[in-house]
Number of protein chains: 2
Amino acid sequence: MNHRFPQDKIDAIYEAIQARRDIREFNQEPLPEGLMDRLFQAAHFAPSVGYMQPWRLLHIKNPKLRSKIAELVEHERLTTAEQLPSRQRDFLKLKVEGLSSCQEVVVISLMHGREAHIFGRRTMPEMDLASASCAIQNMWLAARAEGVGLGWVSFFDPHALADLLKMPRDATPIAILCIGCVDSFPDKPLLDTLGWGQRLQMADVVYTDTWPENAKSTPVSY
Amino acid sequence: MNHRFPQDKIDAIYEAIQARRDIREFNQEPLPEGLMDRLFQAAHFAPSVGYMQPWRLLHIKNPKLRSKIAELVEHERLTTAEQLPSRQRDFLKLKVEGLSSCQEVVVISLMHGREAHIFGRRTMPEMDLASASCAIQNMWLAARAEGVGLGWVSFFDPHALADLLKMPRDATPIAILCIGCVDSFPDKPLLDTLGWGQRLQMADVVYTDTWPENAKSTPVSY
């Protein structure tokens, strides 16, 4: 039996993968009707280790909460800048989040009570984060296909964000997602265009069998 | 400007997301021509924190290496069974990997030299794993659209696998991917059909603003 999608549907998957961008600039156009529910469903259909479904999605609607989240992010951005060995000034010119202009904010967290789950996690407990990241990638690709921008912000102190959102001690926030309409999806990642990094060659990331002796790490530009 | 894909292409994304399964049973039909290169490209177009591109893909072609990987997985499967508080017997009946029947095996690892990268990782260094997980989800969705099965095996001791594949000390394997053609894609996740878990309700995973006091963790069935 052939389970292959028709070719134009296969092409759509590769198109979404290649045209997806991490967005930090949004315009004020309204989102497509029902979009958020479709994105939440897309997240919930992600794979998960031992069927844990460890993702929890906090849809931030309270404007005061949103402002406080923005303050946490700004604090971490400045702290990161201080710790960069060089290029602090260049870094501070970069936009690392779109919290002030996006339409919707969603915080993604790992659930509490994860320790009880050892199926597929005995040696690698961090597989819960892996599963939740797949959920975010589902949302990202679906948003891109719907013409909507999404940015994953990881500039925050997870403990401070957990406190703000009244999370149980063993729940862990992993992402602040900014979602909104955009004027454009850049051809290349922003950090590429701005010279902070370059796309690696395929030969630098795909090896045969064992790790090559001359394998490169991705260079840092700061 | 409207960046929205045509509706049938949007539908294709949601279809792939919903029809993707974690596969452990493969048949011996040949893979579509050029598939592996397309999957590697799909992985390499994933988002990454600070543009780290931390994923490294080890395409396992040496049959001896593959047998040794299968031994590591079998060892971890038995060790996990020992540590389950109950249902060891049920667990041992489950198929947790498809290494003996799949066409291709790819080990995904985080690169070495990650410590130097602090952009977006100062407070959350595990964002490298998050990025590499998005890369795997890209491969998974692309494979599903092409009618090909993929399974993510996380039953292994990462140190033992790293040694076997001659990885540098600070590189970390996160997945053994089994890839091949399948007789069918089940309607539901295998662990659902077998009663190991149930899909949670949307209300149990999507919250508004703060964490609800009565929030559930996903129950364990062992």
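## Two chains that share their strands

Let's start with a single pair of residues: A:Y207 stands opposite B:L58, a residue of strand β1(B). The model shown above is a predicted one, and this pair is a handy way into how its chains A and B meet.

A:Y207 lies in strand β5 of chain A, which covers residues 206-208 and pairs with β1(B) in the parallel sense over three bridges. Now look from the other chain: A:L58 has B:Y207 as its bridge partner in β5(B). There, strand β1 of chain A, residues 55-60, runs parallel to β5(B), and three bridges join them.

Strand β1(B) also has a partner within chain B. Strand β2(B), residues 104-110, runs antiparallel to β1(B), and six bridges join the two. Here B:I60 stands opposite B:V105 of β2(B). Is β1(B) mostly covered or mostly open? Five of the six residues in this strand, residues 55-60 of chain B, are buried, so "mostly covered" is the description that fits.

The table gathers the strand pairings described so far.

| Strands | Sense | Bridges | Residues opposite each other |
|---|---|---|---|
| β5(A) and β1(B) | parallel | three bridges | A:Y207 and B:L58 |
| β1(A) and β5(B) | parallel | three bridges | A:L58 and B:Y207 |
| β1(B) and β2(B) | antiparallel | six bridges | B:I60 and B:V105 |

How are the two chains related as wholes? Chain B is superposed on chain A by a rotation of 180° with 0.0 Å of shift along the axis, at an RMSD of 0.0 Å. That is the relation of a two-fold axis. The copies meet through the same surface, because 99% of the interface residues of chain B are also interface residues in chain A.

Stepping back to the whole interface, 95 residues of chain B are in contact with 94 residues of chain A. Several elements of chain B give two or more residues to the side that touches chain A, among them α1 (7-19), β1, α3 (63-83) and β5 (206-208). Which element gives the most? It is α5(B), with 11 residues. By residue type, this side of chain B divides into 54 nonpolar, 26 polar and 15 charged residues.

Finally, have a look at the interior. The largest nonpolar core has 131 residues, and A:I13 and B:I13 are those with the most contacts inside it. Setting aside neighbours within four places in sequence, B:I13 is in contact with residues of chain A including A:A12, A:I13, A:A16 and A:L141.

Definitions and conventions:
Residues numbered from 1 in each chain as written. Chains lettered and ligands numbered in written order. Predicted model: local features only at pLDDT ≥ 70, side-chain atom pairs only at ≥ 80, totals over all residues. Buried ≥ 20, exposed ≤ 12 C-beta atoms within 10 Å, placed from the backbone. Helix = DSSP H or I, 4+ residues; strand = E, 2+ residues; numbered from the N terminus. Pairing = 2+ DSSP bridges. Least-squares fit on C-alpha atoms with pLDDT ≥ 70 in both. Contact = placed C-beta atoms within 7 Å. Nonpolar A, V, L, I, M, F, W, Y, C, P; charged D, E, K, R; others polar. Core = buried A, V, L, I, M, F, W, Y, C linked by C-beta atoms within 7 Å.
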